[in-house]
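Here are my notes on the model you sent over, as numbered points. Have the structure open while you read.

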4 protein chains.
Amino acid sequence: MIRSSSQIRVRYAETDTMGVAYHGNYLTWFEVARVELFDALGAPYTGFEKEGYFLPVLSVEARYLLPARFDDRLVVTVMMLQKPRARIQLDYIVECGGRKLATGNTSHGFMDLAGKALRPPDRFIDLIERAWCDVDVVV
Amino acid sequence: MIRSSSQIRVRYAETDTMGVAYHGNYLTWFEVARVELFDALGAPYTGFEKEGYFLPVLSVEARYLLPARFDDRLVVTVMMLQKPRARIQLDYIVECGGRKLATGNTSHGFMDLAGKALRPPDRFIDLIERAWCDVDVVV
Amino acid sequence: MIRSSSQIRVRYAETDTMGVAYHGNYLTWFEVARVELFDALGAPYTGFEKEGYFLPVLSVEARYLLPARFDDRLVVTVMMLQKPRARIQLDYIVECGGRKLATGNTSHGFMDLAGKALRPPDRFIDLIERAWCDVDVVV
Amino acid sequence: MIRSSSQIRVRYAETDTMGVAYHGNYLTWFEVARVELFDALGAPYTGFEKEGYFLPVLSVEARYLLPARFDDRLVVTVMMLQKPRARIQLDYIVECGGRKLATGNTSHGFMDLAGKALRPPDRFIDLIERAWCDVDVVV
């Protein structure tokens, strides 16, 4: 598996009238963690787009266990539990002070800008092979 | 079942560098459809909060089939396929010009502001019973 | 002058912990009103981009007088008080139930995708000339 | 004056079809910088709300000079150039790689949750007095 954790501080703009972070914003936090995972792999997302690869979200799931509030310091952990084939599957855990606030997952496929499916870049697959281990990657 | 459809026009603010609507915004569109479903039932969401009931999202799933773009006129249909018990389950379809762009679902539970689970208000259950039919509610 | 008014219903996603609409969202509502003004002129914004014209925001000002809350039905009026030269100047008023909640303005310049300044399209200038009057355009 | 700088990395969710950060998001970045300024002063914003003080935005201005793009690392500097009286005035500069992307300002007033104007907390005024200097506060 490959794993990376990101720090998120909840913005006021991300809260709602219930006094908690709006549930849609967790998807943006998943994005932040995903981008930092690709950085850690040595395959930053901006590099994909420069080479004509886009990586849209094909599906998302999230379960909300406990609310996050303004100014909470969150740790968002993203895990790749399976090596990517046509699709990339990622799992997420959002924690605050050791408590699990939410879990989720996303799936992605490489595409060109016109939306045509592409195979993952060879270099990306290589980097995953190198980073892959039974012990977690420390990022 | 109970069903309602809402009109959404994609805002520039909702798009991203890929030239399509950012996937997180579909959750906000689900919210818009959900709010209009409650209106159609005669149980507007603002009424819940005035009586101390909050209805947070407990889980969400979305599948993205085709992209939405700036200025697209979307129809977001929300369906309650089962009468609510402790939880409310809602399903969503996002369409544009007859093509299905995305599907999704959310689950919700009534809570007070402190996060304590509450039974659905009796009046809400009554309104659902009255609106329920095998044929769709036209809203 | 040219004027157009748009209906906005405040989304839960747009509110914050203070129980009011987050101030940044007014800029998105200005966008909605601006897009509908261009529609009313017969120069929809999507047409600009198809022809290679982009119309970024160069500056924005907003004054917040009274809060908007979830589910409020807002009227956002956008006014072009001066015919555009190099820049387009637009003024905005956000109202709810006859009360003025906010005012603002934006300025814009036509550019190509690389950010090079362009003269406004002739057709756009023509449409403004035709629509211009001392009496308001009813949209 | 009092000054603080914050690091922002542009999120994909914050970009738009033009391939740049949507202009409304700068207001959220101003918020991030403002929150960190209050931290640096020893007066974190969460402390205000616990004591019943809210600090809504009364006005905002922004000028956009150069675009920010996905993944850009921004430095957002916030400056208090005048000691607050009834209102707090803050100025902002957004930079990337030494280039100035945008400038702006916000004004704020302390209020209770009902929107009634309050004098700034004495402790807040004291902390500003202590931090104030002709040389910049290093944060």
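1. Let's start with the length of α1(D). This is a predicted model, so a quick geometry check seems fair. With 17 residues at 1.5 Å a residue, α1(D) should span 24 Å, and its end C-alpha atoms sit 25 Å apart, which agrees. Just past the helix, D:Gly42 has a positive phi of about 90°.

2. How much of α1(D) is buried? The helix is mostly covered, with 12 of its 17 residues buried. Among them are the aromatic-looking names you'd probably click on, D:Tyr26, D:Trp29 and D:Phe30. The buried set also includes D:Glu31, D:Arg34 and D:Glu36, and those three count as charged.

3. What does the helix lie across? Helix α1 (residues 25-41) of chain D lies across β1, β2 (57-64), β3 (73-80), β4 (87-96) and β5 (99-109) of chain D. Relative to β1(D), the helix runs at about 130°.

4. Those strands of chain D belong to a sheet that also takes in strands of chain C. It is an open sheet of 10 strands, with antiparallel pairing, in the order β1(C)-β3(C)-β4(C)-β5(C)-β2(C)-β2(D)-β5(D)-β4(D)-β3(D)-β1(D). At the edges stand β1 (2-9) of chain C and β1 (2-9) of chain D; each has a single partner strand, so one side of each is left without a neighbour in the sheet. On average, neighbouring strands are turned by 15° against each other, direction ignored.

5. For a closer look at one pairing, take the chain C half. Strand β3 (residues 73-80) of chain C and strand β4 (residues 87-96) of chain C run antiparallel and are joined by five bridges. If you want a spot to zoom in on, C:Met79 has C:Asp91 in β4(C) as its bridge partner.

6. Now the symmetry between chains D and B. A turn of 180° with a shift of 0.0 Å along the axis lays chain D on chain B with an RMSD of 0.0 Å. The two copies are thus related as by a two-fold rotation axis. Which residue of chain D comes closest to the rotation axis? That is D:Asp16, with its C-alpha at 1.9 Å.

7. Last, the contact between chains D and B. Each chain puts in nine residues. On the chain D side that touches chain B, there are four nonpolar, four polar and one charged residues. The copies meet through the same surface, because 100% of the interface residues of chain D are also interface residues in chain B.

Methods: Residues numbered from 1 in each chain as written. Chains lettered and ligands numbered in written order. Predicted model: local features only at pLDDT ≥ 70, side-chain atom pairs only at ≥ 80, totals over all residues. Least-squares fit on C-alpha atoms with pLDDT ≥ 70 in both. Contact = placed C-beta atoms within 7 Å. Pairing = 2+ DSSP bridges. Helix = DSSP H or I, 4+ residues; strand = E, 2+ residues; numbered from the N terminus. Axes fitted to C-alpha atoms, helices over the stretch in contact; angles between N-to-C directions. Expected span 1.5 Å × (residues − 1). Buried ≥ 20, exposed ≤ 12 C-beta atoms within 10 Å, placed from the backbone.
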